[in-house]
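Please open the model in your viewer and keep the selection tool at hand. The tour goes from one selection to the next and says what is to be found at each stop.

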Amino acid sequence: MGETILVAENICKSFGITKAVRDVSMTFARGEIHGLIGENGSGKSTFVSMLCGIHSIDSGRFLLNGEELHVKNQVEANDKGVSIIVQEMGTLSGLTVAENIFLGREDRFVKYGIKNTTAMNREAARLLDKYGFGHIDAAAMIDHYHFEDRKLIEIVKATYFDPQIVVIDETTTALSQNGREELYKHMKRIRDEGKTIIFISHDLTEVIEFTDNISVLRDGSYIDTVKSSDASEDELKRLMVGREIASKYYRTDYGEPVSGETVLSVQGVSVPERINGISFELYKGEILGFGGLSECGMHEVGKAIFGASYDRTGSVTLADGTKIDSIPTAIRHSIAYASKDRDNESIIIYDSIRDNIILPSINDLAEKRILRKKKLNEFANRYAKLISVKMTGVDQFVSNLSGGNKQKVVLARWIGRDSDIIVLDSPTRGIDVKVKADIYALMSELKAKGKSIIMISEEIQELLGMCDRIIIMKNGVINGEFKRDERLSEEDLIAKMV
Amino acid sequence: MTEKTIVEEKITLMKVKHILSNSRLRDLLPLFGLIIIVAVFAVMTDMSIIEARSINLILSQVYVLMIASTGVFLVMTIGGLDFSQGSILGISSIVISYLSFYSIPLAVIAGILAGALIGACNGFFHVKFKIPSFIVTICTMYLFRGLCAYMTTDAPVAAKITITELNLTWLKISLTVAVLLIVYFIFTFTKLGTCLKAIGAGETAARFSGIRTNLTKFLIFTAAGAITGFAAFLNVIKVGSITATAGNQLETMILIALVLGGLPISGGARVRFSNIVIGTLIYCVLNNGLVMLGYDTAIQQFIKGTIFLIVVALTIDKKSLHIIK
């Protein structure tokens, strides 16, 4: 490695009781692209957020060129020569492209208290041209541009002032191939100018190809740094997960017949502007997958089955003829639903684990309408422990739990309800590998007990790995159906999605 | 070495914050507040505030406030606010006074129904048109205050003269305790309490948990109105005739009392039933203490406002503020 530019010393950060970053120490060299990888929740984003002043540091310190770097916000970080392109949208709507690029540094264009907009636009246009993004108009409102262009604008914003350290946090997922090429080109240019890039990505191929060194974080702790030229994807995966990923991650059975007994029949279900004329049957003991692009309407299908959609038409009928048209009816007849929007819909985060687990079963737990606290505690404890929710007790508020644990509480409440039809929308979204594996195992177990599961997911691998049948949706209608098959590939499904 | 001490200090500070925010201590704070405020006034008034005469006076102000607070407590648990309580008390008092000439039980029932009707009106507009509850209830407050004023334009509405014979301490205490016990039982031992807290903590998720949120909200506003309608009976037996100012400012008194009692202003899972009792006691002691110390009304309001602001600022949970409906 070359000359050290940035040192992290014993950096720690907690959110409530969750330790997001634990005692991380590492060094970054001048003139390198340094990859930072790890599972979701491993602390990568939190780590760089502290570097850039987005989060405060609990303890430990950063040394930039041997001097302690302690910044309170991004503008201050920029002044010290550290900038970041964030994972989410980093540009502000309602401002022009130029205003976004020079956000927090408008002083350059201010004379006698008046901002010289023309000069600002001219300078922005010059920069955009220099970066090769000439198709973007500096004076236009940023809202005219779609996500990808806005990311390109962020690249300019984060790098035009020649910072010494540029953090690129999970940006490539938002970019098309062209956009990625642009980003790689500028990453290389910045490195060749002797600056340092910290590059966070989930795409290991990309990380290996475009970085010089790769550091791995796991559960908030620093694990190791390897040279990219020596690294293999498998080795990195092993470092990230801490154990060999068994191929038994998903189900391994193929060709086992599914019962022909219909438990749920969905006929001509439509929700205005979301889904149109959806019909399918769900069988006993089946895991039925729904896939498609994010906006294809599949998420609304889950809500519609649960009686949670507004203005739904068509029918959702159980085997015994019961029509499901409201949430209480759905729950009474043993339908469970875990929403993609976990914090707002699946679970009441500012309430206790106990209350969250008992709520769907509250009518059964009452004896002559009277609830006994002891019984409620026992019930909540039993199911929280059954699927090993990490908690200090059932009185703990859900808001303090990690994403994976929140999802476990969601599952605990429905398993406690002994639901027969379980609709899981994006059950593993933002969840680390270990809990993911737990959830897959749980699904297999439920299937074995004869429960039926509908899994809606944006992860094709997961659909292929877990489902007996996969329905692909496009623009609010069903566009294809696949039976479980070892030879089924991602491409087959994608072809029906787009 | 110094750095280590700083870190250690930070950790201790975090621990203290943690204890304050999570443990039972937080639940006990209002009780300490009550004890301290009684102690302070006892010293400042040369113990006269804890003489039987003063206690009687304080109690006489507690009943109506405590009963009406019970209803608003339910509304605030779901994250709502209700500013129409004063006007409900006014209207119900007028109804009870009119009907007291025919039959007292009938008058009480009619008073409760009148309150329930106004509460239902609040609930209907809040739920059906999705108007935040504080806006709806400010509107109904003006509406029914106006009606109150209209009905008392020529002369105060007098109740049957003998009704004040019912102004007996034991009767008022037992009615207040009865209301508290009934609501306490329902709130603690039926699913209603859990459901109300869930709605306050996160309405969408509560709906997805199978709670009929709209119906529950409507019923709770109705219940709050009905409970204050009942409180109007105690008001009538105390004052005997109703003027335009009946129930004036009751809504703010309730709000201040509940918040002083430790009720989070955004409701949710952290509410405690004891908030009602302790809060109204604190409020009444504070009120009487200030009177006994001889402050004039303007100064009293100034002090109460200041205390309210300080308590809210100290206890507010920024994270759950968006929940206020």
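Begin by selecting residues 403–416 of chain A, which form helix H15, a helix of 14 residues that reaches 20 Å from its first C-alpha to its last, close to the 20 Å expected at 1.5 Å a residue. That expected span is 1.5 Å times one less than the number of residues in the helix, and helices (H or I, at least four residues) and strands (E, at least two) are DSSP runs, numbered from the N terminus. This is a predicted model, in which local features need pLDDT of at least 70 and side-chain atom pairs count only at pLDDT 80 or more, while totals for chains, interfaces and linings use all residues. Residues are numbered from 1 along each chain as its sequence is written, and chains are lettered from A and ligands numbered from 1 in the order in which they are written.

With H15(A) still selected, colour by burial: 13 of its 14 residues are buried, where buried means that 20 or more other C-beta atoms lie within 10 Å of the residue's own, exposed that 12 or fewer do, and partly exposed anything in between, with C-beta atoms placed from the backbone. Just after this helix, pick Asp418(A), which takes a positive phi of about 55 degrees.

Next, select Val258(A), found in the loop between helix H8 (233–241) and strand E13 (262–271) of chain A. Val258(A) is partly exposed, with 17 other C-beta atoms within 10 Å. Beyond its neighbours within four places in sequence, Val258(A) is in contact (C-beta atoms, placed from the backbone, within 7 Å) with Tyr283(A), Gly285(A), Glu286(A) and Asp468(A). Add Asp468(A) to the selection and note that Val258(A) and Asp468(A) are 210 residues apart in sequence, yet 7.7 Å apart in space, C-alpha to C-alpha.

Now show the whole of chain A, which has 18 helices and 21 strands. Its C-alpha atoms fill a box of roughly 75 × 50 × 45 Å, taken along the principal axes, and 46% of its 498 residues count as buried.

Turn to the place where chain A meets chain B, a contact that takes 24 residues from chain A and 20 residues from chain B. On the side of chain A, helix H10 (327–332) and helix H11 (342–346) are the elements that give two or more residues.

Then display chain B alone, with its 13 helices and two strands; buried residues make up 46% of its 325 residues. Select helix H3 (residues 52–77) and helix H10 (residues 213–239) of chain B, whose axes come within 8 Å and cross at roughly 180 degrees. Axes here are lines fitted to C-alpha atoms, for helices over the stretch in contact, and angles run from 0 to 180 degrees between N-to-C directions. H3(B) and H10(B) are therefore roughly antiparallel to each other, since angles under 35 degrees count as roughly parallel, over 145 as roughly antiparallel, 65 to 115 as roughly perpendicular and the rest as oblique. Among the residues that make this contact are Tyr63(B) and Ile67(B) of H3(B) and Phe221(B) and Leu234(B) of H10(B).

Finally, keep H3(B) and add helix H11 (residues 250–260) of chain B, where the two axes come within 9 Å and cross at roughly 70 degrees. H3(B) and H11(B) are therefore roughly perpendicular to each other. The residues of H3(B) that meet H11(B) include Leu65(B) and Phe73(B), and those of H11(B) include Met253(B) and Leu258(B).

Technical notes
Contact = placed C-beta atoms within 7 Å.
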